[in-house]
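Thank you all for coming; I would like to take a few minutes to walk through a structure that may be new to most of you. Please have a look at it on the screen first, and then we will begin with a single residue and work outwards.

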Amino acid sequence: SLWKPVLLLLSPPAFSTSCARCAKDRRLRQKRAISERRLTRYFVDQRKVRVVGGQGGGGGHSFYSEPRKVFGGPDGGNGGDGGHVILKADQQMKSLSSVYPFYQGFHGERGGSKNCYGANGAHIYVKVPVGTLVKEDGRVVADLTQHGEEYIAAYGGAGGKGNRFFLSNENRAPTSFTPGEPGQERVLQLELKTTAHAGLVGFPNAGKSSLLRAISRAKPAVAAYPFTTLNPHVGIVHYQDYEQVAVADIPGLIKGAHQNRGLGVAFLKHIERCRFLLYVVDLSVPQPWIQLQDLKYELEAYEKGLSERPCVVIGNKIDLAQSRINLPLLREQIAERVIPLSALTGDNLEELLLHLRELYDTYVKTEMSRGQSPVKW
């Protein structure tokens with residue numbers, strides 16, 4: 001009987017004394033695969049922004065006052081100017097996701113006594129990626145293509161005049177002063193056009209995302225089932241001499257894309273800034289050269305001369321038996337160079353990387369011969 005209370009104390013309670021959160025199973029769970037939508041939720045290529053310049057400070061209204069000195073005269077200073085809202089291209093920015101929908105410059109300070117001018121309002125700098133197009137009512141007003149390039153989106157208002165400003169021989173004691181002017185207000189559409197060196201162009205499920213994962217550290221979503229990439233991705237190919245070539249995975253196009261079918265014009269615009277194109281063709285489908293013809297037709301219908309840029313044809317999925325049969329047939333039908341490879345197994349990726357560097361070196365030499373600086377990453 002003496003041990004009975006002790007046994008009751010040592011026995012486990014019939015209910016959990018911890019909170020519900022701590023009572024959950026703490027075993028490590030397998031991470032769920034990240035969907036394409038969540039994986040690219042930070043990539044934004046369009047943004048509508050309302051910008052307002054800072055308001056100018058009002059003019060001062062005062063008269064000089066000192067013992068034994070009467071009628072010192074007006075000494076109200078002018079107000080400070082309002083701050084601007086300035087868009088600045090920054091090569092570290094790769095998306096418009098960090099751009100807020102509203103910006104306003106700082107207001108200028110009011111003019112003070114003793115002819116003290118009010119301080120100007122500070123400017124607001126909005127960092128945007130290189131290649132940002134600024135539109136107003138559908139009209140292009142700025143194209144920020146160089147690092148550090150700036151565009152004043154909204155001017156700040158001018159500061160008001162103090163009563164000292166209105167001093168004249170006819171009016172020795174002016175009492176009038178003016179308030180500061182409001183800042184400029186605009187609604188702008190920011191549009192990002194990817195400024196990559198090379199663009200992967202192909203129909204859906206041709207293997208563009210898998211190829212970009214194989215040659216760079218970009219991680220676009222891939223799966224064993226067919227689906228379409230929803231957002232562009234940019235991968236960087238590193239070489240031993242520290243040169244970097246940017247390759248953009250343009251979402252899959254379909255017939256009629258230039259008429260805004262499917263993803264349409266929303267992603268055809270990213271191809272405009274690519275210096276050379278990499279056509280990705282699925283070798284396992286019947287008559288793969290038809291894909292190349294359709295791709296060139298869509299590019300040419302969207303912008304004349306776009307399909308004539310330096311290019312190479314990539315025959316993907318060479319690891320399949322049907323692809324080995326279609327490869328010689330494809331080379332007979334087209335005049336462009338064909339690089340067969342497998343993005344899945346990594347076969348013949350070296351040939352693509354070497355040719356990609358040749359295209360890049362040719363682009364650099366061409367730009368330097370024109371007196372222009374090539375785009376660097």
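**From one leucine to the whole chain**

Let me start with leucine 200, which counts as buried because its relative accessibility is 0%, a value that lies under the 20% cut-off for being buried. I should say straight away that what you see is a predicted model, and I will come back to the confidence values towards the end.

Where does leucine 200 sit? It is found in strand β9, which covers residues 198-201. Leaving aside residues up to four places away in sequence, leucine 200 touches Lys208, Leu211 and Leu212, then Val247, Ala248, Asp249 and Ile250, and finally Leu278 and Val280. To give a sense of how the chain folds back here, leucine 200 and isoleucine 271 are 71 residues apart in sequence, while their C-alpha atoms are 8.8 Å apart in space.

Strand β9 belongs to an open sheet of six strands, and if you follow the sheet across, the order is β10-β11-β9-β12-β13-β14, with mixed pairing. At the edges are β10, residues 233-238, and β14, residues 338-340, each of which pairs on one side only. From one strand to the next, the twist in this sheet averages 25°. Within the sheet, strand β12, residues 276-282, runs parallel to strand β13, residues 311-316, and six bridges join the two. One residue we have already met, valine 280, has isoleucine 314 in β13 as its bridge partner.

Now to the helices that go with this sheet. Helix α6, residues 321-333, packs on the sheet and touches β13 and β14, and its direction makes about 170° with that of β14. Helix α5 lies across β9, β12 and β13, and runs at about 140° to β12. This helix α5, residues 289-302, has 14 residues and reaches 20 Å from its first C-alpha to its last, which is close to the 20 Å expected at 1.5 Å a residue. Its buried residues are Trp289, Gln291, Leu292, Asp294, Leu295, Glu298 and Leu299. As a reminder when you read such a list, an α-helix has 3.6 residues a turn, so residues three or four places apart point the same way.

Further along the chain there is helix α7, residues 349-369, with 21 residues and a reach of 31 Å from first to last C-alpha, close to the expected 30 Å. Among the buried residues of α7 are Leu349, Leu352, Leu356, Leu359, Tyr360 and Tyr363, and the list also includes His355 and Arg357. Just after α7, glycine 371 takes a positive phi of about 80°.

Let me turn next to another set of strands. Strand β5, residues 132-136, is largely enclosed by the rest of the structure, because four of its five residues are buried. Five bridges join β5 to strand β6, residues 139-144, and the two run antiparallel. Together β5 and β6 form a hairpin with two residues between them, and in the turn aspartate 137 has a positive phi of about 55°. β5 also pairs with strand β8, residues 185-192, in the antiparallel sense over four bridges. Leucine 133 stands opposite aspartate 143 in β6, and leucine 133 also stands opposite glutamate 191 in β8.

There is, in addition, an open sheet of three strands in the order β4-β2-β7, again with mixed pairing. Its edge strands are β4, residues 124-129, and β7, residues 150-154, and the twist averages 30° from one strand to the next. Four bridges join β2, residues 85-90, to β7 in an antiparallel arrangement, and here isoleucine 86 stands opposite isoleucine 152.

Stepping back, the chain has seven helices and 14 strands, and of its 377 residues 44% count as buried.

Finally, how confident is the prediction, in terms of mean pLDDT? The mean for the chain is 79, and 79% of the residues reach 70 or more. Among the elements, β7 has the highest mean pLDDT, at 95, and helix α2, residues 36-39, the lowest, at 43. Two stretches call for care: pLDDT stays under 50 over residues 223-228, and pLDDT also stays under 50 over residues 256-264, for which the model has 21 contacts beyond four places in sequence.

Note on methods. Residues are numbered from 1 along each chain as its sequence is written. This is a predicted model: local features need pLDDT of at least 70, side-chain atom pairs count only at pLDDT 80 or more; totals for chains, interfaces and linings use all residues. Side-chain values use heavy atoms; hydrogens and water are left out. Buried means under 20% relative accessible area, exposed over 50%, partly exposed in between (1.4 Å probe, protein chains only). Two strands pair if DSSP finds at least two bridges between them. Axes are lines fitted to C-alpha atoms, for helices over the stretch in contact, and angles run from 0 to 180 degrees between N-to-C directions. The expected span of a helix is 1.5 Å times one less than its number of residues. Contact means heavy atoms within 4.5 Å. pLDDT is the predictor's confidence in each residue, from 0 to 100.
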